[in-house]
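Me: I would like to learn how to read the domain layout and the ligand site of a model. Could we take them in that order?

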Amino acid sequence: MLQSICQNPQLVETVLHTVDSLVIVLDQDGIVRAMNAAAVAFTHYDPEEVVGRYHWSDFVPVNEQDKVESLFKNLLKKRTVQNVEHHWITKEGRPLLLKWHNAVITDAHDKINYVIATGVNITDQALLEEELRISRKVVETGDPVLITDANLRIIRINEAFSRVTGYSEADVLGKTPRILSSGVHDQAFYAHMWQSLSTNGNWAGEITNRHKSGHHFTEYMRIAALHDNDGQVTHYVSSFIDISAAKANEQKLRFLARFDSQTGIANRDYFTQKLRQSIQTHQHNRQKGLLFYLRLGFLEKMEAHYGNAFVDTVILKVLHDLEHTLSGYQYFLGRVTGSGFGICVQNVPRTAGLKTATHLALEMVELTKHYPLAIDEEEERFNLYPEIGICTFPGANDASLLDAEALIHHALVASQKSRDKQECYEFYSNALQRAVDESHQLEVALNHAIQKLDEFELHHQPQFDAQGRVTGGEALIRWKHNGILVPPGLFIPLAEKTDDIITINRWVFKQAVAQLHTLDKSGLLKQYPSLSINFSPKCIMAADLVTFLQNELEQTPWIAQRIKLEVTESSFIHDIDAFKQRLAEIKALGFKVSIDDFGTGYSSLSYLTELEFDEIKIDKSFVSKLSKQCERPCRVIKSIISIAKALNVNVVAEGVETPVQLEALKALECAHFQGFLFSKPLPFPALIGLLTDNQRSAAPIGTA
Ligand code: C2E
Ligand code: MG
Ligand code: MG
């Protein structure tokens, strides 16, 4: 049957022109002799443009020509049917990839007449395969990918997907992405996602899914819907990146922005924010809020001694115990400063505000004053030096009690003040704030004055013997600030908080030496045999004091016999040995030492016997109580004088204001006096005047 068809050339031609495949007829030299309609349709050549030309050199891409020519020759040699793939170039120059089926046609003598090449266009298929290969590669190596069909059945995942979700292909194929659902998102979330997919063809956003092992993880996911030519969804491709780590970091940052990383309690900002809310609530609910600022003074010292880690543990332990103390109250805590904590107790009945605040403050003091800590496995009790400032809010007449920052500030101020109190706590009050403000302003002004040292003056209060003769004097500093004399009782304690007191002390010393020089030059030094200079504890114990004094002596050696260093008992009660050593050094330089304000501190007689000093100054508080009726101060002064006698040291009574006091002191055999009865502290020119008058008249003063 086939043979009879083949012997009918017309029929053959018709068949060739109706098949979909390209058919090209070549002669044995490879020259094109004919091509069918499909070949014309694919290559866009007219047959006359092709017929008579070489198959491989004219229509095959250059890089494939050698291969095609050798295949052709091989076919001629072997005469077997050949299946090969190579490109053919269309009239427009576009390469078509064709799968060729080549066969030879021989005549009756077995001579090759023609080669029939039948080609199937596989260009699109190849492109598709290439694309598929590439996308497969992308899918394999890229981010996690999940592909579902239109019915949301998973048809493909990649390795990254398995790595991130824990699910293998076997776990998920055929299932829906719901297996990843964490339950975190509500219906509205998914409704929005589907809405976006159906209108825009894609969706992107954060989604929390569940790992196979159960834990949640957050991804940034993109889903794209794939459509066919009719616009019907065929697939959904979703790819995502795991952002759990980034999320955790974000959460950590958010945490750090609000909480103290060391203790986990609110930081100052967040505490203030919560306090702000609490104030608002209390304005409406007619209850009281209590704000405590608890500073533990000892923490800083502990840090220097035992290190950070130890202090961190102590803080955590204290906070834990504090929470126990506060159980039963509505409260929140915050780290307000390095060593201080804010505690806000809320919703306290209005009438019980003060009582509750006092009760809680006492509990906190009790907790932290004898705090048990294990050091080197031995438990000891430490005083953590609590300083507690308390504010209650809201306040009816004080707007600052409605402002969170101001409240915290008030509590801090009150805690600073509590330092001076035995109870270790202090309530904020307006008067307290005023005092603090003033003291702060004074501190700033003093700072300026100390830098310039041009607002200070040195006054002298002469001392007298029983006959009214000047025996010496005390140098007393004066600070003229904005034309007003600021009493030393106000600014000396401020300067004593820092090393400013040393600067002041050295200025006084140098000034005193300069004035002694002046007196010397005026011939008045004989009238003023000694000058006492006050030395605060810091000044007397300063490491370079001896060097300082030595330098001064080098310039004016005789001042050592003229100057007395006045010290108070507070200089030696902490470290008597160090003080003894210092005293010996000072005495070795030739200076005398006087004990000021005797009787107001510890007045320990045993100390006195241990120390080598030259003079005791009876404090004016005893002298002022001397009267004919009052026996007790009289007895105290009598015993001080007898001790002085026993120790063979001089006695000066300070603050002698009345003749009655003077007579009483004389009766007790006190030999030297300083007080307003004789003279107020005088500016230096007035002292010169007094000494000059004395020199001239030699008339006793104050004994009339
Ligand atoms: P102080 O060393 O005990 O000085 C005696 C104080 O008593 C002086 O007060 C003096 O003016 C005052 N006074 C003297 N006689 C009487 C009197 O009859 N009645 C009364 N009511 N007071 C009398 P001032 O000058 O105000 O000094 C107070 C304190 O300031 C001094 O007490 C001393 O502790 C300190 N101070 C003064 N100047 C210096 C200084 O240069 N350095 C240091 N470190 N402290 C100084
Ligand atoms: Mg003094
Ligand atoms: Mg004194």
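Me: What distance separates the centres of domain 3 and domain 4, taken over C-alpha atoms?
Reply: This is a predicted model. The centres of domain 3 and domain 4, taken over C-alpha atoms, are 45 Å apart. The protein is divided into domain 1 (3-121), domain 2 (128-246), domain 3 (250-428) and domain 4 (455-697).

Me: Which residues come nearest to ligand 1?
Reply: A residue counts as near if one of its heavy atoms lies within 4 Å. Here 21 residues surround ligand 1, and Glu474, Arg478, Asp596, Glu657 and Phe676 come nearest.

Me: How is that shell made up by class?
Reply: The shell around ligand 1 has eight nonpolar, five polar and eight charged residues.

Me: Which strands and helix each supply at least two residues of the shell?
Reply: Strand 19 (470-481), strand 23 (592-598) and helix 18 (488-496) do. Strand 19 gives the largest share, with four residues.

Me: Where does ligand 1 have polar atoms of Glu474, Ile477 and Lys620 beside its own oxygen or nitrogen atoms?
Reply: A pair of N or O atoms within 3.5 Å is read as a polar contact. One oxygen atom of ligand 1 has a polar side-chain atom of Glu474 at 2.8 Å. For Lys620, a polar side-chain atom lies 3.0 Å from an oxygen atom of the ligand. With Ile477 the partner is a polar backbone atom, 3.2 Å from a nitrogen atom of ligand 1.

Me: How much of the accessible area of ligand 1 does the protein cover?
Reply: On its own, ligand 1 has 800 Å² of accessible area, and the protein covers 82% of this.

Terms used. Residues numbered from 1 in each chain as written. Chains lettered and ligands numbered in written order. Predicted model: local features only at pLDDT ≥ 70, side-chain atom pairs only at ≥ 80, totals over all residues. Heavy atoms only, no water. Polar contact = N/O pair within 3.5 Å; in protein donor to acceptor, adjacent residues only side chain to side chain. Areas by Shrake-Rupley, 256 points an atom, 1.4 Å probe, with all protein chains shown as cover. Nonpolar A, V, L, I, M, F, W, Y, C, P; charged D, E, K, R; others polar. Domains from an automatic or database assignment.
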